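The following exercises practise the reading of a protein model. Each task is followed by a solution in steps.

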Amino acid sequence: MKSKKDVVVIGAGAAGMMCAIEAGKRGRSVLVLEHASKLAEKIRISGGGRCNFTNLHTGPEAFLSQNPHFCRSALSRFTPQHFIALMEKHRIRYHEKKLGQLFCDDRSQQIIDLLRHECDSAGVEWEMPCQVSNVGLLGVNGSRFVLETDRGTLATDAVVIATGGLSIPQIGASPFGYRIAEQFDIAVTPLRPGLVPLIFAPQQLAGFSGIPGVALDAVVSCNGARFRENLLITHRGLSGPAILQISSYWRPGLPLHVDLLPDLDAAGWLLDHKHSTTLLSNLLAQHLPRRFARVWCETVMHGQPTAPVNQYSDKRLKQIAAQLHDWQVIPDGTAGYRKAEVTLGGVDTRELSSKSMEAKKVPGLYFIGEVVDVTGHLGGFNFQWAWASGYAAGQFA
């Protein structure tokens, strides 16, 4: 054997480093293995380079899982306030952008440096880049596991899988964690991209592809979920925070319901202007981006040019108002893992202890972070799950 450690953490992202810190604080000998040559790239690129590191409104209702109560235990033991205390300890300035979302004032690299410093203080050791080719049960010499790596063989009492999901493969995402789960007969729920732009067949949003970059405030609903945020027109479909949020709830074939004027009684407003000679698209441009209003009218009128408001009957104006409050479009699919911020699904939480994140079937094997079937809404919730699940495992591994 090259070496023996109490705990080996595979994956040096947010969850993995938090787990390593906590296990190290308990006096455990901890080794972190990371296959990438750069540390915590997902932290570095998040939040436009400023890292939306938590959300003040974190609660179980902000997470999706086939076992929705599983996340409660970990989230209650490591809250946003706990991570804020770490930020303040390291004198990293931050601000609330909106809706409880906290960002660094400066660069996300500060959070990576914070975590690395805490790891060093806890005596954590590193091997990176390091590829793990096999995780096997040992059961001799007091150790549970043997790991084969391109840097040698390791024996350890505990293995923590913190390898993330499939999202953003261009910075190193891989299915490693799911393969380990399946190797040990631990169920994995179906995987799909989450917090991802939606794409449409050309005929579905004909005309809108010519106005990419147009954004508007809207309420988007689907499959029982509802979000009010900006919606963004893209070359291939729709994006923006409202669409990223609803994408986690959307399923193929389901329509999106978009309220384009959530603060307005559109029927009353249009009828108040029923004698106006203003073009309908120009009237709508009082509340919607002008280019969007023009294309939307052409779409609703089935390609016909927009007419003055006084040429529409009261009945037709009421129909148009209803469509403004419930514009229905059916996505053709998602932009895939390359554009997804997270992976929905993962290691089945019914296979894990909610207290320790340990696999019930395999003592000493832990799963944390994105590889687990717990996925947060947009806005810092997924980082909070990483901190909380990493902290939970670090108390026991």
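**Exercise 1. A hairpin and its neighbour**

Which residue stands opposite A215 in β14? Describe also how β13, β14 and β15 are connected and paired.

Solution. The model is a predicted one.

Step 1. The residue opposite A215 is L232 in β14.

Step 2. Strand β13 covers residues 215-222 and strand β14 covers residues 225-233; the two pair in the antiparallel sense over 8 bridges.

Step 3. These two strands form a hairpin with 2 residues between them. In the turn, N223 has a positive phi of about 55 degrees.

Step 4. A further hairpin, through 3 residues, joins β14 to β15. Strand β15 (residues 237-239) pairs with β14 in the antiparallel sense over 2 bridges. L232 has S239 as its bridge partner in β15, while A215 stands opposite L232 on the side of β13.

**Exercise 2. The order of an open sheet**

Determine the strand order of the open sheet of 7 strands, and identify its edge strands.

Solution.

Step 1. The order is β17-β16-β13-β14-β15-β12-β18, with antiparallel pairing.

Step 2. The edge strands are β17 (327-329) and β18 (333-334), each of which pairs on one side only.

Step 3. At one edge, β18 is joined to strand β12 (residues 198-199) by 2 bridges, and these strands run antiparallel. There, G333 in β18 stands opposite I199.

**Exercise 3. Parallel pairing and a crossover**

With which strands does β1 pair in the parallel sense, and what is the handedness of the crossover from β1 to β2?

Solution.

Step 1. Strand β1 (residues 3-10) pairs in the parallel sense with strand β10 (residues 152-161) over 7 bridges. Within this pair, V8 stands opposite V159.

Step 2. Strand β1 also pairs in the parallel sense with strand β2 (residues 30-33), over 4 bridges. Here the residue opposite I10 is L33.

Step 3. From β1 the chain passes through helix α1 (residues 14-25) to β2, and this β-α-β crossover is right-handed.

**Exercise 4. One face of a helix**

Which residues of helix α11 are buried, and why do they line one face of the helix?

Solution.

Step 1. Helix α11 (residues 314-325) has 12 residues. Its span from first to last C-alpha is 17 Å, close to the 16 Å expected at 1.5 Å a residue.

Step 2. The buried residues of α11 are L317, I320, A321 and L324.

Step 3. Viewed down the axis of α11, the buried residues fall within an arc of 105 degrees, so they line one face of the helix. A general rule applies here: an α-helix has 3.6 residues a turn, so residues three or four places apart point the same way.

Step 4. The buried residues of α11 pack against β16 (256-259), α8 (266-272), α9 and α10 (290-300).

**Exercise 5. Buried or exposed?**

Is I368 buried or exposed? Locate I368 and name residues that it touches.

Solution.

Step 1. I368 is found in the loop between β20 (365-367) and β21 (375-376).

Step 2. The relative accessible area of I368 is 1%. Since buried means under 20%, I368 is buried.

Step 3. Beyond four places in sequence, the residues that I368 touches include A15, G16, C19, V160 and A393. I368 and G16 are 352 residues apart in sequence, and their C-alpha atoms are 7.5 Å apart in space.

Step 4. S281, in helix α9 (residues 280-284), gives a second case. With 7% relative accessibility, S281 counts as buried. Apart from residues up to four places away in sequence, S281 touches A293, R294, C297 and T306.

**Exercise 6. Uncommon backbone geometry**

Where is a cis peptide bond found, and what are the phi values of L99 and I168?

Solution.

Step 1. Most residues other than glycine have a negative phi, and most peptide bonds are trans.

Step 2. A cis peptide bond joins M128 and P129, with omega about -5 degrees. P129 lies in the loop between β7 (125-127) and β8 (132-137).

Step 3. L99 has a positive phi, near 50 degrees, and is in the loop between β5 (94-96) and β6 (101-104).

Step 4. The phi of I168 is also positive, at about 55 degrees. I168 is in the loop between β10 and α6 (176-183) and, at 12% relative accessibility, counts as buried.

Methods: Residues numbered from 1 in each chain as written. Predicted model: local features only at pLDDT ≥ 70, side-chain atom pairs only at ≥ 80, totals over all residues. Heavy atoms only, no water. Buried < 20%, exposed > 50% of the residue type's maximum accessible area, 1.4 Å probe, protein only. Contact = heavy atoms within 4.5 Å. Pairing = 2+ DSSP bridges. Right-handed = clockwise from strand over helix to strand, strands pointing away. Expected span 1.5 Å × (residues − 1). Arc of directions from axis to C-beta.
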